[in-house]
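Colleague: I'm new to reading protein models, and I'd love a close look at a single part of this one. Could you take me slowly through the sheet and what surrounds it?

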Amino acid sequence: KSWDPHLKNSGQAVIDGIQRCKKKNRALILGSGHLFDLPLYELSQNFNEVILVDILHPRRVRKIVKGLTNVSLFDADVTGVIPHVFTTPHKLYESKPILFLDQEIDYVVSLNLLSQLPVIPNKWLRKKGIGDAIVYGFCKHLIETHIEYLTKFSGQKLLITDTDFIALDEDGEEAARESAIYDV
């Protein structure tokens with residue numbers, strides 16, 4: 001229940017973005033996840049094609065999408081570095097996202113994805129003994145690269161993201177704050 005306002009606000013922001021689109025041929029959703037914060041039916045009704053991108057689409061999402069003929073799923077790591085992080089953690093590859101840049105996209109949404117991009121690389125690299133400064137710099141690079149990637153699309157763009165992690169004490173007062181997007 002505590003997530004309900006966030007989910008509702010995210011969904012409303014996506015709907016507001018739909019209304020600002022001049023053309024409504026193709027929408028691209030990066031980080032579609034479980035669809036909890038995505039008004040999929042509104043997107044499907046307003047665009048000729050909706051492409052949902054996530055590293056892995058849950059079974060529940062695959063079932064929902066089967067009934068929508070203009071919605072497709074695309075499993076992908078939008079950073080392009082996850083396979084390299086796992087196979088060669090001591091040689092960090094530069095993230096150069098190019099997915100869908102060769103296509104005309106009228107509306108691109110990065111949906112609560114930005115702060116999540118570094119989570120897996122961060123954990124894995126630390127587990128492999130990579131130093132804190134290197135891990136931090138690499139994770140910051142993933143954040144910066146994703147923002148730059150979004151600017152390359154010509155259509156309407158929407159970025160929804162966490163900006164801070166906030167720890168509360170037992171009285172509900174802020175005890176600590178840390179950037180969720182590596183101070184970008």
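Modeller: Let's start with one pair of residues: V108 has K157 in β5 as its bridge partner. Keep in mind as you look that this is a predicted model. That pair belongs to the pairing of strand β4, residues 107-111, with β5; the two strands run parallel and are joined by five bridges.

Now step back to see where these strands sit. They are part of an open sheet of five strands, and reading across it you meet β3, then β2, β1, β4 and β5, with parallel pairing. The edges are taken by β3 (71-75) and β5 (156-160); each has a single partner strand, so one side of each has no neighbour in the sheet. If you compare the directions of neighbouring strands in this sheet, they are turned against each other by 15 degrees on average, direction ignored.

Next, find β1 and β2 in that order. A salt bridge connects R26 with E49, and their closest N and O atoms are 2.8 Å apart. R26 lies in strand β1 (residues 26-30) and E49 in strand β2 (residues 49-54), so this pair links distant parts of the chain, 23 residues apart. The structure has seven salt bridges.

What lies across β2 and β3? Helix α3, residues 59-66, does, and it runs at about 150 degrees to β3.

Beyond the sheet, there is a pair of helices to compare. Helix α5 (residues 119-127) packs with helix α6 (residues 132-151) at an angle of about 160 degrees, and their axes are 10 Å apart. That angle makes α5 roughly antiparallel to α6. Their crossing is right-handed. To find where they meet, look on α5 for P121, N122, L125 and R126, and on α6 for D132, V135, F138, C139 and L142. By type, the residues of this contact are six nonpolar, one polar and two charged.

Finish with another pair of strands, β6 (residues 164-168) and β7 (residues 174-179), which pair in the antiparallel sense over five bridges. Here you can pick out A167, whose bridge partner in β7 is A176. Together β6 and β7 make a hairpin with five residues between them, and in the turn G172 has a positive phi of about 85 degrees. So as you turn the model, you can set two pairings side by side: β4 with β5 is parallel, while β6 with β7 is antiparallel.

Note on methods. Residues are numbered from 1 along each chain as its sequence is written. This is a predicted model: local features need pLDDT of at least 70, side-chain atom pairs count only at pLDDT 80 or more; totals for chains, interfaces and linings use all residues. Side-chain values use heavy atoms; hydrogens and water are left out. Axes are lines fitted to C-alpha atoms, for helices over the stretch in contact, and angles run from 0 to 180 degrees between N-to-C directions. Helices (H or I, at least four residues) and strands (E, at least two) are DSSP runs, numbered from the N terminus. Angles under 35 degrees count as roughly parallel, over 145 as roughly antiparallel, 65 to 115 as roughly perpendicular and the rest as oblique. A crossing is left-handed if the near helix is turned anticlockwise from the far one by less than a right angle, and right-handed if clockwise. Contact means heavy atoms within 4.5 Å. Ala, Val, Leu, Ile, Met, Phe, Trp, Tyr, Cys and Pro count as nonpolar, Asp, Glu, Lys and Arg as charged, and the others, Gly among them, as polar. Two strands pair if DSSP finds at least two bridges between them. A salt bridge is a side-chain nitrogen of Lys or Arg within 4 Å of a carboxyl oxygen of Asp or Glu.
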